[in-house]
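Colleague: I have a protein model open and would like to understand one of its sheets and its empty spaces. Could we go through them together?
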Amino acid sequence: MRTSALALILLSIGAGIARAQAPSVAKELRLPTPGNGPDGRPRIAFLAHRLGTDHAEGITTLDMNGDGFVDLVSGAYWYENPGANGGDWKQHQYRTVGIHDEFVSDCGEWTIDVNHDGAPDVVTTGWISNGLWWYENPKTQGTMWTKHLIADSYDTEGGVMADINGDGKPDIALAHYNHSGILWADFSGPQPRVHHVGDKTQDGHGIGIADVDGDGKADILTPYGWFRSIDADKDKWEWHGDWKLGDAGFPILGYDVNHDGKLDIIYGQGHGYGLYWLEQTGTATHREWKRHTIDESFSQSHALQLVDLDGDGEPELVTGKRYRGHSGNDPGSYDPVVVYAYRIDRKTRSFTRITISENGTASAGTQFVAEDLDHDGDIDIASAGKLGVHFLENLKVINVPKGTREAQQPIERKWPFPGEGQEVPQENGPR
């Protein structure tokens, strides 16, 4: 019985191999459209476009010219969206920024109508220069934007935008490498209102906003624990020093990884190797957290994002390697620059890595933005870093004409080179 069963299995395997190799039984020898990946699921694939070589690491989106397509805004420049048919993203300057050595003082950018005049402004902060600032939209193209101080904020290497006080409007929370104290800004009134949370020991490298206890209020996540919101507007918070994450990336994410109804935590190491998730266990009165490794093969996971890239209703985790976060002095600084996405299987609690860009120039920077930039129905990604601003085009839907694609190919057009050789006929058989 055992021998017969083994023979049947071997025969089936052999027949499967034969069918796979025989062209006569193949459904299609040259597929006209992409098939599934080795996991049997539709591919996630992106085409990286390098738009500029500025060193700014913050990035946001804003329709600067009113054409209905949001443009990319990073550092001193905005990059003009070419529209649904693709093409070159033209660079324009709209403000000035502080420069120090190889750094631009720009570690976070967010689009908010600060003065409520109907024109979106840009809120920004940086590690080099003090301050949370907003740049006023002049409503006229070609005019430099005016800079206004919101609050002191030193050594600010990132932040997060979310509705912290539940008023339905965006707020911004900032963390500080020098542990100077968490602050968040409310933009709902005529002037930004700045709040301070906790003390210096609870601040650090990394911050997030998520409802940890499921009470419907947004809590603040830090590298050392979380602040439970009691009344954010009245600065009432309850501290829970539940973990130590090190130099976490931005933002620290809240997501129910294992689908058990409890919020878990996802974070990366912004200046070392490691990408992890903390499983929330225990009870509502005595929470415990268990760390699980996602990926420790690349370093400086300084920016993270949860976004549905394949349109299946479940978000993927997007992160990657920041380039020269500490001027080449972080662990793994000279490893290949990468941007990865991870499919999250909530039944098996597993993460499957997909390469978005590897050993190219696209990096994690300090922020990702995720929007349907070309209006084709799928979500694209953009990031900025010391290797430039990049538009990462989602290839789930492709509407760009072949002529536009051909014009953007990196093939050397001025070829052959002098003296390299002579034109010869194509030969299809023996002489």
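Modeller: Certainly. Please keep in mind that this is a predicted model. Let us begin with one pair of residues: Glu 371 stands opposite Asp 380 in strand 29.

Colleague: And what is the bridge partner of Ala 370 in strand 29?

Modeller: The partner of Ala 370 there is Ile 381. These residues belong to a longer contact, as strand 28, residues 368–371, is joined to strand 29 by four bridges. The two strands run antiparallel.

Colleague: What holds strands together in general?

Modeller: Strands of a sheet pair through backbone hydrogen bonds, and the pairing may be parallel or antiparallel.

Colleague: Back to strand 29, then. How many bridges join it to strand 30?

Modeller: Three bridges join strand 29 to strand 30, which covers residues 389–394, and this pair is antiparallel too. Within strand 30, Phe 391 is the residue opposite Ala 382.

Colleague: What lies between those two strands?

Modeller: Strand 29 and strand 30 form a hairpin with five residues between them. In this hairpin Gly 388 has a positive phi, near 110 degrees.

Colleague: In which order do the strands of the sheet come?

Modeller: The sheet is open and has four strands, in the order 1-30-29-28, with antiparallel pairing. Strand 1 and strand 28 are the edge strands, each pairing on one side only. From one strand to the next, the twist averages 20 degrees.

Colleague: Are the residues of strand 29 buried or exposed?

Modeller: They are buried on both faces of the strand, which spans residues 380–383. Asp 380 and Ala 382 are on one side, while Ile 381 and Ser 383 are on the other.

Colleague: New topic: how many cavities of 30 Å³ or more are there?

Modeller: The count is two. The largest cavity has a volume of about 100 Å³, and the second largest has about 40 Å³.

Colleague: Which residues lie nearest the centre of the largest cavity?

Modeller: Gly 86, Gly 87, Phe 391, Glu 393 and Val 400 do, out of 15 residues in the lining. Phe 391 is the residue we met opposite Ala 382. By class, the lining of the largest cavity has six nonpolar, six polar and three charged residues.

Colleague: What lines the second largest cavity?

Modeller: Its lining includes Phe 103, Trp 127, Glu 157 and Arg 322. Four residues of this lining are nonpolar, two are polar and two are charged.

Colleague: And the pockets? What is the volume of the largest one?

Modeller: The largest pocket has a volume of about 540 Å³. Its lining has 27 residues, and Val 160, Met 161, Pro 251, Gln 305 and Phe 368 lie nearest the centre. Of the lining residues, 17 are nonpolar, eight are polar and two are charged.

Colleague: Which strands supply at least two residues of that lining?

Modeller: Among them are strand 2, strand 8, strand 12 and strand 28. Strand 28 is also an edge strand of the sheet we discussed.

Colleague: Where does the largest share of the lining of the second largest pocket come from?

Modeller: Strand 1, residues 46–52, gives that share, with five residues. The second largest pocket has a volume of about 280 Å³. Its lining includes His 49, Arg 50, Gly 87 and Trp 89, and the residues divide into five nonpolar, four polar and three charged.

Terms used:
Residues are numbered from 1 along each chain as its sequence is written. This is a predicted model: local features need pLDDT of at least 70, side-chain atom pairs count only at pLDDT 80 or more; totals for chains, interfaces and linings use all residues. Side-chain values use heavy atoms; hydrogens and water are left out. Buried means under 20% relative accessible area, exposed over 50%, partly exposed in between (1.4 Å probe, protein chains only). Two strands pair if DSSP finds at least two bridges between them. On a 1 Å grid over the protein atoms alone, a cavity is a set of points where a 1.4 Å probe fits but cannot get out, and a pocket is an open set with protein on both sides within 12 Å along at least five of seven lines; lining residues have an atom within 4 Å of a point. Grid points are joined across faces, edges and corners, and a volume is the space filled by probe spheres set on the points. Ala, Val, Leu, Ile, Met, Phe, Trp, Tyr, Cys and Pro count as nonpolar, Asp, Glu, Lys and Arg as charged, and the others, Gly among them, as polar. Axes are lines fitted to C-alpha atoms, for helices over the stretch in contact, and angles run from 0 to 180 degrees between N-to-C directions.
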